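Here are two short exercises to work through with the model open in your viewer. Try each task yourself before reading its solution.

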Amino acid sequence: MAPEVHVLGQSPITAHAFNGNRSQLAVSLNNTDVQIYSRNGAEWVPTETLSEHDKLITSIDWAPNSNRIVTASQDRNAYVWQETPDPETGKLVWKPTLVLLRINRAATQVRWSPNEDKFAVASGARAISICSFDDENNWWVSKHLKKPIRSTVLSVDWHPNNVLLAAGSADMKARVFSAYIKEVDQRPPPTVWGSKLPFNTVCGEYTSPSGGWVHAVGFSPSGDVLAFASHDSSITIVYPGGPAIYTIRMPLLPLVTLTWTAEDTIIAAGHDCRPLVFSGTSGGWQESGTLDDSKSGESSRSAIGGAGVGRLKAGAFATFRDADSRGQSSISGSSGSADTKLMTVHQNTITSVRAYEIRGDQVTKVSTTGVDGTLAIWDVNEVSALTARIGGMQVR
């Protein structure tokens with residue numbers, strides 16, 4: 001079955017997040033605003049714009065239960081947005097609340113904790129801000145995780161116990177920290193990561209296999225396994241209770257985002273423009289295939305093309321448009337711009353993959369967005385083999 005594909009614009013999609021019932025979507029179209037889309041039948045229609053940041057928004061997260069949006073930006077700020085009634089009209093409008101991050105470099109990623117009572121903001125200031133709400137002053141305050149981070153933090157992910165936090169950074173390390181805040185958290189039960197967990201305790205530190213930046217980190221649904229993807233075109237799965245570490249090296253372009261769909265399955269994507277599926281257990285891991293085969297790519301592109309700009313899409317117009325928006329150019333004497341189209345749904349780097357539909361304890365659908373301005377929703381069970389490429393995989 002072909003994925004559900006929506007072209008939201010010609011601009012890159014820096015980040016995206018859905019609300020709890022998946023009826024609304026928040027995206028950053030590589031600018032300073034958050035665009036809210038609402039589902040209207042088979043289409044996504046823009047309804048609201050959230051404007052408060054003055055530099056590029058780098059990350060968005062939407063809390064499914066409290067219905068709050070948190071945004072982080074290169075302007076070194078974060079805001080928590082909540083729907084409140086307008087005093088004049090009574091209509092619900094999004095109002096921002098300031099977050100005191102206390103950082104002097106850009107914020108790179110933000111994620112709500114599972115209980116939605118705090119969130120983590122990664123940054124270029126070699127620190128992670130753990131933010132909680134201060135009722136007395138009506139704003140969000142932060143505590144910093146600093147040691148032993150030596151460079152920009154690129155990604156964060158929360159453990160299900162609401163206390164542990166995984167972080168991947170440009171110092172080529174993936175780490176697991178304790179983000180325990182006495183005023184907010186209850187004492188967590190012991191886990192495979194440890195039992196005594198005061199704030200800023202390093203519960204695990206793992207190095208990228210060949211010294212690449214760690215672009216993405218993620219805990220398994222149980223929290224007992226950690227996965228991270230590095231710029232050396234590898235993905236590493238860590239079992240601290242084993243202990244066992246499995247690294248899959250790939251003859252592909254690097255992965256920059258990942259998500260767990262089950263305790264034994266990971267979906268990751270990046271510069272190769274297609275979501276890859278990895279599966280395994282504590283006995284070993286391997287690449288299972290991809291959610292994007294050439295047939296789904298062709299059918300999705302033909303559907304997009306049918307709703308395009310009509311007669312203006314042919315000839316010289318297409319050549320100049322692709323050169324301007326995507327940096328693509330036709331080879332002289334070729335049949336136009338068709339030779340520059342990739343055999344994938346996404347025509348450029350996938351920047352984010354997130355869980356879309358969850359049934360029980362299994363993720364059944366995931367969503368991806370990318371530099372091509374496209375949103376795609378995939379069925380995780382529609383896996384196609386990568387037989388031509390598996391020969392180059394190395395598992396260590």
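**Exercise 1.** In this predicted model, decide whether His53 is buried or exposed, then find its surroundings.

*Solution.*
1. Start with the accessible area: His53 has a relative value of 7%. Buried means under 20%, so His53 counts as buried.
2. Next, place the residue along the chain. His53 lies in the loop that runs between strand E5 (43-51) and strand E6 (57-62).
3. Now list the contacts, skipping neighbours within four places in sequence. His53 touches Thr32, Thr71, Ala72, Ser73, Asp75, Asn77, Ala78 and Tyr79.
4. Look for polar contacts between side chains. The side chain of His53 has one with that of Thr71 at 2.8 Å, and another with the side chain of Asp75 at 3.1 Å.
5. Finally, check a C-alpha distance: Val34 is 19 residues from His53 in sequence, and 9.2 Å from His53 in space.

**Exercise 2.** Work out the strand order of the open four-stranded sheet that contains E27, and say which strands stand at its edges.

*Solution.*
1. Begin with one pair. Strand E27 (residues 362-370) and strand E28 (residues 374-379) are antiparallel and share five bridges. Within this pair, Ser367 sits opposite Ile377 of E28.
2. Extend to the whole sheet: the order reads E1-E28-E27-E26, and the pairing is antiparallel.
3. Read off the edges. Strands E1 (4-7) and E26 (350-359) each have a single partner strand, so one side of each lacks a neighbour in the sheet.
4. Add the geometry: from one strand to the next, the twist averages 20°.

How values were computed:
Residues numbered from 1 in each chain as written. Predicted model: local features only at pLDDT ≥ 70, side-chain atom pairs only at ≥ 80, totals over all residues. Heavy atoms only, no water. Pairing = 2+ DSSP bridges. Helix = DSSP H or I, 4+ residues; strand = E, 2+ residues; numbered from the N terminus. Axes fitted to C-alpha atoms, helices over the stretch in contact; angles between N-to-C directions. Buried < 20%, exposed > 50% of the residue type's maximum accessible area, 1.4 Å probe, protein only. Contact = heavy atoms within 4.5 Å. Polar contact = N/O pair within 3.5 Å; in protein donor to acceptor, adjacent residues only side chain to side chain.
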